[in-house]
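Here's an informal walk through a single protein chain, from its sheet to its helix to its outline. Have a look at the model first, and keep it open as you read.

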Amino acid sequence: MADFGANVLASSVALIILLAVMGLVYYFWSKANIKKKSKYFEQIHTELAPGQVVMFAGGIFGTVKSVNGDKVEIKVRSGAILDVSRYAIQEISK
């Protein structure tokens with residue numbers, strides 16, 4: 001019976017070490033992904049130019065008409081011109 005207690009303790013320690021290693025791997029993996037995404041969005045927001053087709057975070061597509069600081073004028077299919085924040089743009093399509 002004394003052997004049972006030692007086995008449970010050894011198993012618990014091994015499980016805690018495994019969970020700690022998995023937690024560290026997840027932390028560094030997610031940190032790398034966040035860094036990659038922030039670099040991608042920084043590049044997108046600085047490369048905005050008139051004539052580009054862009055997609056908003058909500059899935060709306062439009063064409064950039066002008067860029068004025070943090071404001072971007074976007075023409076959508078209906079012909080309406082929208083003033084949006086340059087940070088609402090999720091992707092540049094071509």
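Two strands count as paired if DSSP finds at least two bridges between them, and the strands themselves, like the helices, are DSSP runs numbered from the N terminus (H or I over at least four residues for a helix, E over at least two for a strand). With that in hand, strand β2 (residues 61-68) and β3 pair in the antiparallel sense over 5 bridges.

A quick word on the ground rules. This is a predicted model, where local features need pLDDT of at least 70 and side-chain atom pairs count only at pLDDT 80 or more, while totals for chains, interfaces and linings use all residues. Residues are numbered from 1 along each chain as its sequence is written, and side-chain values use heavy atoms, with hydrogens and water left out.

**The strands**

Back to β2 and β3: Thr 63 sits opposite Lys 75 in β3. The two strands make a hairpin with 2 residues between them, and Gly 69 takes a positive phi near 70° there. Next along, β3 (residues 71-75) also pairs with β4 (residues 81-85), again antiparallel and over 5 bridges. In that register Ile 74 faces Leu 82 in β4, and Lys 71 stands opposite Ser 85 in β4. This hairpin has 5 residues between its strands, with Gly 79 in the turn at a positive phi of about 100°.

Which side chains of β3 are buried? Val 72 and Ile 74, which point to one face; Lys 71, Glu 73 and Lys 75 point to the other and are not buried. Here buried means under 20% relative accessible area, exposed means over 50%, and partly exposed is in between (1.4 Å probe, protein chains only).

**The helix**

Val 21 belongs to helix α1 (residues 2-46) and is partly exposed, at a relative accessible area of 46%. Together with Leu 9, Val 13, Ile 17 and Val 25, Val 21 makes a nonpolar surface patch of about 460 Å². Patch members need over 30% relative accessible area and no salt bridge; nonpolar side chains (Val, Leu, Ile, Met, Phe, Trp, Tyr) are joined within 5 Å, like charges within 9 Å. A salt bridge is a side-chain nitrogen of Lys or Arg within 4 Å of a carboxyl oxygen of Asp or Glu, and the areas are Shrake-Rupley values with a 1.4 Å probe.

The structure also holds 3 aromatic pairs, two of which are tabulated below. Rings of Phe, Tyr and Trp (its six-membered ring) pair if their centres lie within 6.5 Å; planes under 30 degrees apart count as stacked, over 60 as edge-to-face and the rest as tilted.

| Pair | Centre to centre | Angle between planes | Type |
|---|---|---|---|
| Tyr 26 and Trp 29 | 6.3 Å | 45° | tilted |
| Tyr 40 and Phe 41 | 5.2 Å | 65° | edge-to-face |

Tyr 26 and Trp 29 both lie in α1, 3 residues apart, about one turn of the helix. Tyr 26 is exposed at 54%, and so is Trp 29 at 52%. Tyr 40 is partly exposed at 38%, as is Phe 41 at 23%.

**The whole chain**

Zooming out, there are 1 helix and 5 strands, running α-β-β-β-β-β from the N terminus on. The C-alpha atoms fill a box of roughly 80 × 25 × 20 Å along the principal axes. The radius of gyration is 25 Å, whereas a compact globule of 94 residues would have one near 12 Å; it is taken over C-alpha atoms, and the globule rule is 2.2 Å times the number of residues to the power 0.38. Of the 94 residues, 18% count as buried.
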